[in-house]
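Trainee: Could you take me through one part of this protein slowly? I would like a close look at a single strand and what surrounds it.

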Amino acid sequence: MAIRITSDSTCDLGNLVQTRNIGILPLQVNLGTDSYHDGVDITPQDIFDFVAKTKTLPKTSAPSIGDYEEFFAEQLKFGDEVIHFNISKLSSGSHNMALQAAESFKGKVRVIDSMALSSGQGLLVIKAADLRDEGKSAEEIEKTILELRHRVNTSFVPDRLDYLYKGGRCSKMEMFGANILKIHPLIYMEEGKLVPGKKYRGKMSFLIKQYVEDLKEKYPDYDKSRCFITHSSAEPELVAAAREKVEELFEFDEIIETVAGSIITSHCGKSTLGVLFIYNK
């Protein structure tokens, strides 16, 4: 039976959605009274311009049950079963909407809470595509992914905390302290929830190397298939510094750079960067 792998646009996979044959349902971004679709008719630069002009964050929203029903029906034209991935249900209502929509398809649609976001979610989507291409059944793929989702390093370091403050994810004092003293808190996913970690201090080009060193120390045993360096329109020099350190310390078969889409950018701001991969038990 043909299996169709799909995801919400929050997986931040860039061109991989075409090369790995993955269906994408965009989430919605609202700039004032104007509505756009993530990855379709809005760019991260549109987000930066809107925030600079209005001093407020865009609003983001999940597709409706009807949107999911229409999407799943279309995707089933390309396969007998659909395995769909959502951003963590603790970050968005999209997972519950997708679950309700899947009920209309009598077991042909499996909906998975990635318990991650951005390319942390994307890692699971690509792993599911790997298993599909190996000839695994939908049941086997789902079982494997449900085990792996607890072993995804979804972490990132923001350059500034302005967007996190505007979104209610840090205090005004923390924001000013971070921006004035150049403190950059590690933020990571723990069982589907964003939590703060170690606080780095200094220039991003310096501390990002320490961040990668800390990842290697914390996760010495990891899946060497791939890792993502995902960022919200960071400067090329910063991305290059992260890649150089990853290549020095890790042994990934491929290191994939992706730019965060408008949904993730709306919440983290410019120049946030993360190195994401699956680790072993």
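Mentor: Happily; what follows starts with the whole chain, moves to strand E1 and ends at the pocket.

This is a predicted model, in which local features need pLDDT of at least 70 and side-chain atom pairs count only at pLDDT 80 or more, while totals for chains, interfaces and linings use all residues. Residues are numbered from 1 along each chain as its sequence is written, and side-chain values use heavy atoms, leaving out hydrogens and water.

The protein has 11 helices and 14 strands; these are DSSP runs numbered from the N terminus, with at least four residues for a helix (H or I) and at least two for a strand (E). Its radius of gyration is 18 Å, close to the 19 Å that the globule rule gives for 281 residues, so the protein is as compact as a globular protein of that length. That radius is taken over C-alpha atoms, and the rule is 2.2 Å times the number of residues to the power 0.38. Buried residues make up 55% of the 281, where buried means under 20% relative accessible area with a 1.4 Å probe, protein chains only.

Now to strand E1, residues 3–8. Here 6 of the 6 residues are buried, so E1 is largely enclosed by the rest of the structure. In a regular strand the side chains alternate between the two faces of the sheet. Both faces of E1 are covered: Ile3, Ile5 and Ser7 lie on one side, and Arg4, Thr6 and Asp8 on the other.

What does E1 pair with? Strands pair if DSSP finds at least two bridges between them. E1 runs parallel to strand E6 (residues 81–86), joined by 5 bridges, and Ser7 stands opposite Phe85 in E6. E1 also runs parallel to E2, with 4 bridges, and there Asp8 faces Leu25.

E2 leads us to the largest pocket, since E2 gives the largest share of its lining, 3 residues. A pocket is an open set of points on a 1 Å grid over the protein atoms alone, where a 1.4 Å probe fits, with protein on both sides within 12 Å along at least five of seven lines; lining residues have an atom within 4 Å of a point. The largest pocket holds about 480 Å³ of space, a volume being the space filled by probe spheres set on the points, which are joined across faces, edges and corners. Its lining has 25 residues, and Gly14, Val17, Ile24, Asp38 and Gly39 lie nearest its centre.

Note on methods. Buried means under 20% relative accessible area, exposed over 50%, partly exposed in between (1.4 Å probe, protein chains only).
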